[in-house]
Number of protein chains: 2
Amino acid sequence: MGVTRGKLAKRTGCNAETIRYYEKIGLMPEPSRSTTGYRQYNQEHEQRLQFIMRGRELGFAIEDLKSLLELVDRKVVSCGEVSRLARIHLASVHQKISDLQRIEDALSKTLRSCSGENVPECPVIDALFLGTDKF
Amino acid sequence: MGVTRGKLAKRTGCNAETIRYYEKIGLMPEPSRSTTGYRQYNQEHEQRLQFIMRGRELGFAIEDLKSLLELVDRKVVSCGEVSRLARIHLASVHQKISDLQRIEDALSKTLRSCSGENVPECPVIDALFLGTDKF
DNA sequence: GCTTGACCCTGTAGTCACTACAGGGTCTAT
DNA sequence: ATAGACCCTGTAGTGACTACAGGGTCAAGC
């Protein structure tokens with residue numbers, strides 16, 4: 001009863017080594033073992049792993065997911081606490097986006113003044129060396 | 001003649017340990033030393049470090065900066081090659097932004113359906129567990 | 001029954017770009 | 001002379017994995 005690590009990996013799309021890693025850091029519980037020591041995963045493990053994978057896709061840190069899963073495990077899921085964590089995360093995603101947009105802006109401005117030809121004057125290099133006010 | 005590592009750190013705003021790290025990985029050259037073994041940095045080192053710092057701020061990877069600085073060192077800076085590297089980097093910044101925007105979208109959509117009150121039904125947790133088509 | 005190959009186990013080291021010690025030496029000011 | 005701020009080296013830690021090395025196990029085919 002129960003699937004091996006490799007099969008769980010295939011079913012979820014998670015790397016098999018990553019599953020072992022999640023167990024090591026306490027994000028996935030230790031599953032039961034076969035007589036020969038093979039891990040045996042059940043439906044609950046699969047759901048939990050998918051929870052983790054969806055959370056990671058949304059950019060939640062491992063620690064965030066630990067907190068969320070702890071709430072689930074203790075069955076004290078309160079929408080208040082969850083939405084607080086999610087809003088904090090949303091704010092940091094927002095911050096990352098605007099940082100990257102600033103970078104994109106500076107880069108594309110500099111590239112626009114670049115001929116792209118094989119001439120030795122390069123505005124990209126100059127901008128990095130001289131620090132124009134673009135950055 | 002020349003400033004110590006700590007002083008270069010202060011002048012550039014770079015962490016002093018980071019300067020040592022950049023030397024170790026071959027991004028900064030080994031400077032000359034005082035009789036007692038202290039590193040002595042000059043103007044050229046400072047310019048190079050600022051180049052690196054501006055590049056990092058723009059999200060260039062260390063390896064990218066190595067490539068760019070190699071072109072500079074060999075005095076074969078051709079705008080063609082530089083702009084090629086910069087365009088590749090710009091594309092990856094662009095990709096990151098749109099990934100994050102997708103995440104932002106999914107998160108804020110889910111949060112909108114969340115009351116934020118202390119009720120046990122939480123759409124954020126449900127979304128992670130059940131995998132709604134939002135993600 | 002034996003072999004082959006695909007799986008599983010463990011622990012450890014590598015990735016990236018730093019950061020933070022520990023355990024020593026040096027420099028400057030009082 | 002001594003205190004405190006600096007400098008040196010090497011190493012270990014971060015986050016989130018990934019990739020071995022060196023073994024054991026399982027299922028299929030012959």
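User: I would like to learn how to read the protein around a DNA strand; how many residues surround DNA strand D, and which are the closest?

Analyst: In this predicted model, 21 residues surround DNA strand D, and the closest are T36(A), T4(B), R5(B), G6(B) and R20(B). On the DNA side, sugar and phosphate make up 67% of the atoms of DNA strand D that come within 4 Å of the protein.

User: Which atoms of DNA strand D do the side chains of Y22(A) and Y38(A) approach, and what does the backbone of G6(B) approach?

Analyst: It helps to ask of each contact which part of the DNA takes part. A polar atom in the side chain of Y22(A) is 2.8 Å from a phosphate oxygen of DNA strand D, whereas the side chain of Y38(A) places an N or O atom 2.8 Å from a base nitrogen of that strand. For G6(B), a polar backbone atom is 2.6 Å from a phosphate oxygen of DNA strand D. Two or more residues of the surface near DNA strand D are given by α2 (16–24) of chain A and by α1 (5–12) of chain B.

User: Which element gives the largest share of the surface near DNA strand D, and how do the residues of that surface divide by class?

Analyst: The largest share comes from α2(A), with 5 residues. By class, the surface near DNA strand D has 9 charged, 6 polar and 6 nonpolar residues.

User: Now for DNA strand C: which residues come nearest to it?

Analyst: Around DNA strand C there are 21 residues, of which T4(A), R5(A), G6(A), R20(A) and T36(B) come nearest. Of the atoms of DNA strand C that come within 4 Å of the protein, 67% belong to sugar and phosphate. Three side chains illustrate contacts with phosphate oxygens of DNA strand C: T4(A) has an N or O atom at 2.6 Å, R39(A) has one at 2.7 Å, and T36(B) has a polar atom at 2.6 Å.

User: Which elements supply the surface near DNA strand C, and what classes of residue does that surface hold?

Analyst: At least two residues each are supplied by α1 (5–12) of chain A and α2 (16–24) of chain B, and the largest share, 5 residues, comes from α2(B). The surface near DNA strand C holds 9 charged, 6 polar and 6 nonpolar residues.

User: How should I read the relation between the two chains, and what turn lays chain B on chain A?

Analyst: In general, two copies of a chain are related by a rotation about an axis and a shift along it. Here a turn of 180° with a shift of 0.0 Å along the axis lays chain B on chain A with an RMSD of 0.1 Å, and that is the relation of a two-fold axis. The C-alpha of chain B nearest the axis belongs to I97(B), at 2.8 Å from it. Both copies use the same surface, since 100% of the contact residues of chain B recur in chain A.

User: How many disulfides are there over all chains, and why is there no bond between C122(A) and C79(B)?

Analyst: A disulfide is a covalent bond between the sulfur atoms of two cysteines. The count over all chains is 0. The sulfur of C122(A) has its closest cysteine sulfur in C79(B), but the distance is 3.7 Å, which is too far for a bond, given a cut-off of 2.5 Å. C122(A) is buried, with a relative accessible area of 1%, and C79(B) also counts as buried, at 0% relative accessibility.

User: Is Y41(A) buried or exposed, and where in chain A does Y41(A) lie?

Analyst: Y41(A) counts as buried because its relative accessibility is 2%, and the cut-off for buried is under 20%. This residue lies in the loop between β2 (39–40) and α3 (43–57) of chain A. Leaving aside residues up to four places away in sequence, Y41(A) touches G2(A), V3(A), T4(A), R5(A), L8(A), I19(A), E23(A) and P31(A).

User: Where does T110(B) lie, and what lies 2.8 Å from a polar atom of its side chain?

Analyst: T110(B) lies in helix α5 (residues 79–112) of chain B, and T110(B) counts as buried at 3% relative accessibility. A polar atom of the side chain of T110(B) is 2.8 Å from the backbone oxygen of A106(B). Sequence and space can be read side by side as well: T110(B) and L49(B) are 61 residues apart in sequence and 44 Å apart in space, C-alpha to C-alpha.

Definitions and conventions: Residues numbered from 1 in each chain as written. Chains lettered and ligands numbered in written order. Predicted model: local features only at pLDDT ≥ 70, side-chain atom pairs only at ≥ 80, totals over all residues. Heavy atoms only, no water. Near = heavy atom within 4 Å. Polar contact = N/O pair within 3.5 Å; in protein donor to acceptor, adjacent residues only side chain to side chain. Helix = DSSP H or I, 4+ residues; strand = E, 2+ residues; numbered from the N terminus. Nonpolar A, V, L, I, M, F, W, Y, C, P; charged D, E, K, R; others polar. Least-squares fit on C-alpha atoms with pLDDT ≥ 70 in both. Contact = heavy atoms within 4.5 Å. Buried < 20%, exposed > 50% of the residue type's maximum accessible area, 1.4 Å probe, protein only.
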